[in-house]
Amino acid sequence: MKNNTGRSIDLSFLVLSFLSATVIAIIIHLTRQSGADTLSTQKLVVSLFPELFPKHYHNVVWLSLGLNSARKMAHVYEFGALGLVMTLMIITSPVGKKLRNSNSSTKIIFLYSIGICAFASFCDQVHKTFIVYRHFDVHDLVLDAVGYVTAATLICTFYYIKKHPIIHKPKYKITPGQAL
């Protein structure tokens, strides 16, 4: 029984590693696109998922973040997906297994995930400097961070709640005759 659990965790780690690599490959592919290809991809994705790209031109928060185009919102979604699979991958990794009994495991997992995603975001921006008509954009780094920090926060919150349940079962049962 114990071996099956270990194998399923190892399998989930491998699957999540593959998903992380896939998300990174998609981000690299989207970064390498020309301007015309980017607009074509944007038009296709917006037509397939219009509810994911609402136009909130009256919302101050959306305007301050610069989320007035599908290309900018795509940064949040792309790196949100990366943050999601990266955090889950770290939880199921051998490092995550060793940290399970530690009190600060959730913080360490969160920091690993944020660090790796921030590095990937920075590398994506550096990669853009080698593409014609593309440039390093600090605003894109902020949008990427909104995505991966939100995803990592959600996953780490659920992980913490699962690890430290709010409702604790009492160690001893009290019968009605023993109650004060």
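Here is a short chat about the two biggest pockets in this predicted model.

User: What makes Leu 30 count as a lining residue of the largest pocket?

Analyst: A lining residue needs an atom within 4 Å of a pocket point. Leu 30 is one of the 23 residues that line the largest pocket, so Leu 30 has such an atom. Along with Ala 70, Ala 74, His 75 and Glu 78, Leu 30 lies nearest the pocket's centre.

User: How much space is in there, and which elements give two or more residues to the lining?

Analyst: The volume is about 580 Å³. The elements are α1 (2-32), α2 (35-48), α4 (70-92) and α6 (105-128). α4 gives the most, with seven residues.

User: Why is Glu 78 put with the charged residues there?

Analyst: Glu is on the charged list, together with Asp, Lys and Arg, so Glu 78 belongs in that class. The lining of the largest pocket has five charged residues, next to 12 nonpolar and six polar ones.

User: What about the second largest pocket: how much space does it hold, and which element gives the most to its lining?

Analyst: About 230 Å³. α7 gives the most, with five residues, and both α4 and α7 (138-163) supply at least two.

User: How do you know that its lining has three charged residues?

Analyst: Go through the lining: Arg 100, Lys 162 and Lys 163 are in it, and Arg and Lys count as charged, so these make up the three. Thr 92 is in the lining too, and Thr is on neither the nonpolar nor the charged list, so Thr 92 is the one polar residue. The other five are nonpolar, among them Tyr 159, because Tyr counts as nonpolar here.

Notes
Residues numbered from 1 in each chain as written. Predicted model: local features only at pLDDT ≥ 70, side-chain atom pairs only at ≥ 80, totals over all residues. Heavy atoms only, no water. 1 Å grid on protein atoms, 1.4 Å probe; cavity = no way out; pocket = protein on both sides within 12 Å on 5 of 7 lines; lining within 4 Å. Points joined across faces, edges and corners; volume = space filled by probe spheres on them. Helix = DSSP H or I, 4+ residues; strand = E, 2+ residues; numbered from the N terminus.
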